[in-house]
Amino acid sequence: MKALVLNKVTFQIEEIAQPSITENQALVKIHFAALNHRDQWIREGQYAKIQLPAVLGSDACGEVMAVGNEADKHWIGKTVVINPNINWGNNPNAQQKEYQILGMPSQGTIAEFIAVDIDRLHEKPTHLSLEQAAAIPLSGLTAFNALFNKGKAQKNQNILISGVGGGVAQFAFLYAVAIGANVYVTSSKENVIETCKSLGAKDGVNYKTENAIKTLAKSIGGFDVIIDSACGDGMNELIATLKPTGKFVFYGATRGLPTNLNMRQIFWNHLQILGSTMGSDADFEKMLAFINQHKIQPILDKTFELIDAVQAFDRMKNGNQFGKIIVKI
Ligand SMILES: NC(=O)c1ccc[n+]([C@@H]2O[C@H](COP(=O)([O-])OP(=O)(O)OC[C@H]3O[C@@H](n4cnc5c(N)ncnc54)[C@H](OP(=O)(O)O)[C@@H]3O)[C@@H](O)[C@H]2O)c1
């Protein structure tokens, strides 16, 4: 079968062996995969325990072609999304040490076929296209955990989604709008801010404009919850816009560490700084139920053919996207 294989220096399309399945597994023919920044970090060598060569990709929508066990035959022919958690463990709030994410070291989704455990399969939400469904797994789960489990986001709260052009951030935005929160966004792109306003954001500002977030926050009395993945020195500016007892939830640190952190501000205002990762298998199910209930429509950026998948990675590297970058397999 064909797969996009990351070798020591570069990607190339290679013929690799089609995976075989064990008794508790299913063989899925992948229709669409989606990129996450994780894939780009691995490509750049900036990820823990990289093993090469690797077929990357944690997201997919595809069709079940075969199963290892007679009892699972009802899955054959079904269109599915795949839960990318491997070995999350029993703690609903944090993954265990043995935890892995689909796609390095295990074979990922940017390939024609994948073998996954039966309990990773979930039926595609019926209101979504194959591409939209492929966009969901990793980002949709990360946003769900950050916004609801950590941020405890609620209707009528002032919620800021920073860098809303990102794959995870757009899900957090869509979820927060769906529950009736007052949602505000930041982005480096004016067209992204305008689109978000048309989709229900109360307002939005460019995070590169000096004092813009501060001015916005002042005009509305501050934020109850901020969802961020950039951190860096922007973190102090964001924390300063929280209401007393407000929550700053972050699931990434694209801009690295802040050079300092205003500790006095944090303790004096009873603020909560909360780290977050993807989410448990139970969260994955709750997330899909939420997407079905609220008819969430993931925002897609652009779809690339498998042969052009390197361009898809370059688009993410350059930060040109709004929403999820898709690869047609
Ligand atoms: N912990 C986990 O389990 C987990 C899961 C998923 C992702 N992550 C991490 O979270 C980060 C985002 O992942 P992703 O897949 O959503 O990436 P992505 O699709 O590449 O999105 C990155 C977004 O970051 C925003 N950004 C860049 N600089 C910013 C700044 N200074 N302030 C605010 N926003 C800024 C940009 O938003 P605009 O385009 O709007 O400017 C960009 O679109 C990555 O670091 C990733 O590794 C972690």
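## The nonpolar core

In this predicted model, the largest nonpolar core holds 101 residues, and those that touch the most other members are Val28, Leu147, Ile161, Ala172, Phe173, Ala176 and Val183. Helix H4 gives the most to this core, contributing nine residues, and at least three residues are drawn from each of domain 1 (2-136 + 298-328) and domain 2 (141-275).

Val183 can be followed through its contacts: leaving aside residues up to four places away in sequence, Val183 touches Ile159, Ile161, Phe173, Ala176 and Val177, together with Gly200, Ala201 and Lys202. Ile161, Phe173 and Ala176, which appear among these contacts of Val183, are also listed with Val183 among the core residues that touch the most other members.

## Two domains and their contact

The protein chain is divided into domain 1, made of the segments 2-136 and 298-328, and domain 2, which covers 141-275. The C-alpha centres of domain 1 and domain 2 lie 28 Å apart, and the contact between them takes seven residues from domain 1 and six residues from domain 2. On the side of domain 1 that touches domain 2, the residues divide into three nonpolar, three polar and one charged.

## The shell around the ligand

The ligand is surrounded by 33 residues, of which Gly163, Gly165, Gly166, Ser187 and Gly252 come nearest. By residue class, this shell divides into 19 polar, eleven nonpolar and three charged residues.

Several elements of secondary structure take part in the shell, since at least two of its residues are supplied by each of helix H1 (37-43), helix H3 (137-150), helix H4 (167-178) and strand S12 (182-187). Both domains are represented as well, with at least three shell residues coming from each of domain 1 (2-136 + 298-328) and domain 2 (141-275). Helix H4 therefore appears in two settings, as a supplier of residues to the ligand shell and as the element that gives the most to the largest nonpolar core.

## A three-stranded open sheet

Three strands form an open sheet in the order S2-S1-S4, and their pairing is antiparallel. The edges of this sheet are strand S2 (11-15) and strand S4 (54-55), each of which pairs on one side only. Strands of a sheet pair through backbone hydrogen bonds, in either a parallel or an antiparallel arrangement. Strand S1 (residues 2-6) pairs with S4 in the antiparallel sense over two bridges, and the bridge partner of Leu6 in S4 is Ala54.

## Cis peptide bonds

A cis peptide bond, with omega about 0°, joins Leu52 and Pro53, and Pro53 is found in the loop between H1 and S4. Another cis peptide bond joins Met104 and Pro105, here with omega about 5°, and Pro105 lies in the loop between strand S8 (100-101) and strand S9 (113-117).

## Positive phi outside glycine

Thr245 is a residue other than glycine with a positive phi, near 70°, and its place is in strand S15 (residues 242-250). Thr245 counts as exposed because it has 10 C-beta neighbours inside 10 Å, where the cut-off for an exposed residue is 12 or fewer.

Lys295, which is not a glycine either, has a positive phi of about 50° and lies in the loop between helix H9 (281-293) and strand S17 (300-305). With 11 other C-beta atoms within 10 Å, Lys295 is exposed.

Methods
Residues are numbered from 1 along each chain as its sequence is written. This is a predicted model: local features need pLDDT of at least 70, side-chain atom pairs count only at pLDDT 80 or more; totals for chains, interfaces and linings use all residues. A residue is near a molecule or strand if its C-beta atom, placed from the backbone, lies within 6 Å of it. Helices (H or I, at least four residues) and strands (E, at least two) are DSSP runs, numbered from the N terminus. Ala, Val, Leu, Ile, Met, Phe, Trp, Tyr, Cys and Pro count as nonpolar, Asp, Glu, Lys and Arg as charged, and the others, Gly among them, as polar. Domain bounds come from an automatic or database domain assignment. A nonpolar core is a set of buried Ala, Val, Leu, Ile, Met, Phe, Trp, Tyr and Cys residues joined through C-beta atoms within 7 Å. A residue is buried if 20 or more other C-beta atoms lie within 10 Å of its own, exposed if 12 or fewer, and partly exposed in between; C-beta atoms are placed from the backbone. Two residues are in contact if their C-beta atoms, placed from the backbone, lie within 7 Å. Two strands pair if DSSP finds at least two bridges between them.
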